[in-house]
Amino acid sequence: MNRLTFIAAAAALLCAATSASAQTPAAGSGAAYPAKPIRIIAGFPPGSGADITARIIGARLGDPLGQQVVVDNRPGAGSNIAAEIAAKSPADGYTLFIGTVANTINATLYAKLPFDFARDFAPVVLTTAAPNVLVVHPSVPAKSVKELIALAKSRPGQLNFASAGTGTAPHLSGELFGAMAGVKMVHIPYKGSPPAVTDLIAGEVALMFSPSSTVLPHVKTGRLRALAVTTAARLPSLPELPTVAESGLTGYETITWFGFVAPARTPPAVVARLNAEIVKVLALPEVRNLFASQGIETLGGTPDHFASYIRDEIAKWAKAIQLSGAKAD
């Protein structure tokens with residue numbers, strides 16, 4: 001979280017110091033950008049962390065840009081379907097993709113993809129980050145991480161865990177947990193967190209590592225039981241919930257982040273305009289409070305900061321995949 005905290009602080013300074021021109025030249029024309037609606041492609045279904053982030057920001061981005069901003073959900077294949085559509089869209093600033101940690105995982109998890117996330121996208125801004133929470137169905141006889149590990153060891157290959165899809169942070173969080181704990185669990189992938197959580201609540205699966213925004217409402221109502229958070233330190237919003245690391249798996253840490261990217265070769269002036277406007281939206285008190293109420297941290301920063309972060313994440317998850325032995329289903 002230290003890197004993310006630094007980026008958030010830098011974003012506050014950037015927002016105070018930056019003023020974008022209202023007349024950004026559109027690519028290949030004399031018209032001012034933007035001259036038509038902007039589409040945000042999300043690789044996960046409505047209600048997912050990616051969708052929530054895209055809609056909260058998109059709803060407030062239209063006014064300063066003077067155009068409608070619409071969210072286009074294209075779930076499936078751990079967001080690879082949506083990423084391919086976005087990567088092959090015109091590089092004119094009218095198509096954005098809400099990239100997530102899943103995209104940096106997929107860069108290694110999949111042997112071959114029809115796009116390269118680092119090469120085929122121009123980073124715009126790192127927007128938000130959310131901890132993953134380890135939750136179990138109330139019928140699972142484990143009230144702590146240590147009890148869950150003991151249960152899994154007594155039932156090798158019998159406990160199943162849901163995820164938002166192969167290659168997503170919830171998937172790799174589970175694989176990394178199993179590798180570090182020395183237990184074997186069965187992965188059940190879904191097309192996004194919401195349908196996975198639905199089956200978890202129904203008792204169709206035993207547990208899940210899920211973004212906090214998706215499961216906390218169900219934890220509060222008692223339909224799910226939270227055992228731990230996956231961040232390095234406890235969360236101020238959930239001080240009573242221990243981390244996985246302090247529960248016995250020293251060094252364990254995963255997080256789900258979200259950020260906007262555009263097709264590669266999008267004009268730098270357009271990227272700069274989008275970055276400046278989105279950073280301003282992220283600084284709005286109502287936006288920060290809305291995200292915070294769902295356990296989501298608002299970030300920001302420059303396109304270069306985000307590009308560096310993406311490179312670091314690809315390298316980190318490559319090591320995690322090697323450690324866990326995870327493979328695309």
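**Exercise 1. Describe the overall build of the protein chain.**

Solution.
- Start with secondary structure. The protein chain holds 11 helices and 12 strands.
- Next, check the radius of gyration. It is 19 Å for the protein chain, close to the 20 Å that the globule rule gives for 329 residues, so the chain is as compact as a globular protein of that length.
- Keep in mind that this is a predicted model.
- Then take the box. Along the principal axes, the C-alpha atoms fill roughly 70 × 40 × 30 Å.
- Look at burial. Of the 329 residues, 57% count as buried.
- Turn to contacts. Take those between residues at least 6 apart in sequence: 79% of them join residues at least 24 apart.
- Finish with surface and charge. The protein chain exposes about 13,000 Å², and carbon and sulfur atoms supply 56% of that area. There are 27 positive and 21 negative side chains. The centres of the two sets lie 3 Å apart.

**Exercise 2. Work out how the buried residues of helix 3 are arranged, and what they pack against.**

Solution.
- Locate the helix. Helix 3 spans residues 80-87.
- List its buried residues: Asn80, Ala82, Ala83, Ala86 and Ala87.
- View them down the helix axis. They fall within an arc of 160°, so they line one face of helix 3.
- Recall the general rule. An α-helix has 3.6 residues a turn, so residues three or four places apart point the same way.
- Identify the partners. The buried residues of helix 3 pack against strand 3 (38-42), strand 5 (95-100), helix 4 (101-109), strand 6 (121-136) and strand 11 (255-263).

**Exercise 3. Examine the backbone at alanine 77 and serine 79, then say whether each is buried or partly exposed.**

Solution.
- Place alanine 77. It is in the loop between strand 4 (69-73) and helix 3.
- Place serine 79. It is also found in the loop between strand 4 and helix 3.
- Read the phi angles. Alanine 77 has phi near 55°, a positive value in a residue other than glycine. Serine 79 has phi near 80°, again positive in a residue other than glycine.
- Apply the cut-off. Buried means under 20% relative accessible area.
- Classify. At 39% relative accessibility, alanine 77 counts as partly exposed. Serine 79, at 1%, counts as buried.

**Exercise 4. Find the peptide bond between tyrosine 33 and proline 34 and give its geometry.**

Solution.
- Read omega. It is about -5°, and the bond is cis.
- Place the proline. Proline 34 lies in the loop between strand 2 (32-33) and strand 3.

**Exercise 5. Sort the two sides of helix 5, and name the partners of its buried residues.**

Solution.
- Take the buried set in helix 5 (residues 145-154): Val145, Leu148, Ile149, Leu151 and Ala152.
- Look down the axis. These buried residues fall within an arc of 160°, so they line one face of helix 5.
- Turn to the other side. Lys146, Lys153 and Ser154 are exposed there.
- Name the partners. The buried residues pack against strand 6, helix 6 (169-181), strand 9 (207-211) and strand 10 (225-229).

**Exercise 6. Trace the surroundings of isoleucine 310.**

Solution.
- Place the residue. Isoleucine 310 belongs to helix 11 (residues 303-324).
- Check burial. Its relative accessible area is 5%, so isoleucine 310 is buried.
- Find its contacts. Leaving aside neighbours within four places in sequence, isoleucine 310 touches Thr104, Phe117, Pro123, Trp257 and Val261.
- Compare chain distance with space. Isoleucine 310 and asparagine 103 are 207 residues apart along the chain, and their C-alpha atoms are separated by 9.2 Å.

How values were computed: Residues numbered from 1 in each chain as written. Heavy atoms only, no water. Helix = DSSP H or I, 4+ residues; strand = E, 2+ residues; numbered from the N terminus. Rg over C-alpha atoms; globule rule 2.2 N^0.38 Å. Buried < 20%, exposed > 50% of the residue type's maximum accessible area, 1.4 Å probe, protein only. Contact = heavy atoms within 4.5 Å. Areas by Shrake-Rupley, 256 points an atom, 1.4 Å probe, with all protein chains shown as cover. Lys, Arg positive; Asp, Glu negative; His and termini not counted. Charge placed at Lys NZ, Arg CZ, Asp CG, Glu CD. Arc of directions from axis to C-beta.
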